[in-house]
Amino acid sequence: MMYHAKVNRTYLWRWLIHSKVNDIGFEPNEEINRIYPPGEWFMEAGHPPVKAWYKIQDMAYENGLIRESFIGDCKAMFFDIWSVVSLYENELRQDPYGLWGMKNE
């Protein structure tokens, strides 16, 4: 499983979550880094206990932030990106480990 987004590289991820999260397999391997250079792309790889983005997506649905429609036969989600990303940011600040189903020990 791999998630990716083109972003200006920030270190919020590394600042909030240290090696404990990377230990469960989030750190992209060399092959992924060749295709998606870390200075240009933010990458997650691996199989966390909880898929953080799905948790945020569920919160966004509960708050009425996502509308569904179809483009041809393809289901599509429409939402204001900042509203949904703000949910993600808030969860990272409040309970970064819980977002991935982990305990902060």
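**Helix α5 and the salt bridges**

R93 and E89 lie 4 residues apart in helix α5, which means that about one helical turn separates them. (Helices are DSSP runs of H or I with at least four residues, numbered from the N terminus.) This is a predicted model, in which local features need pLDDT of at least 70 and side-chain atom pairs count only at pLDDT 80 or more, while totals for chains, interfaces and linings use all residues. Residues are numbered from 1 along each chain as its sequence is written, and side-chain values use heavy atoms, with hydrogens and water left out.

The side chains of R93 and E89 form a salt bridge, with 3.2 Å from N to O; the term denotes a side-chain nitrogen of Lys or Arg within 4 Å of a carboxyl oxygen of Asp or Glu. R93 has 45% relative accessibility and so counts as partly exposed, and E89, at 34%, is also classed as partly exposed. (Buried is under 20% relative accessible area, exposed is over 50%, and partly exposed is in between, with a 1.4 Å probe and protein chains only.)

What of the rest of helix α5? Its 14 residues, 81-94, should span 20 Å at 1.5 Å a residue, and the end C-alpha atoms are indeed 20 Å apart; the expected span is 1.5 Å times one less than the number of residues. V84, L87, Y88, E91 and L92 are buried in α5. Viewed down the axis, these buried residues fall within an arc of 135°, so they line one face of the helix; the arc is taken from the directions from the helix axis to the C-beta atoms. W82 and Q94, on the other side of α5, are exposed.

Across the whole structure, the search finds 2 salt bridges. One of them joins the side chains of E68 and K75, at 3.4 Å from N to O. E68 counts as partly exposed because its relative accessibility is 44%.

Notes. Helix = DSSP H or I, 4+ residues; strand = E, 2+ residues; numbered from the N terminus.
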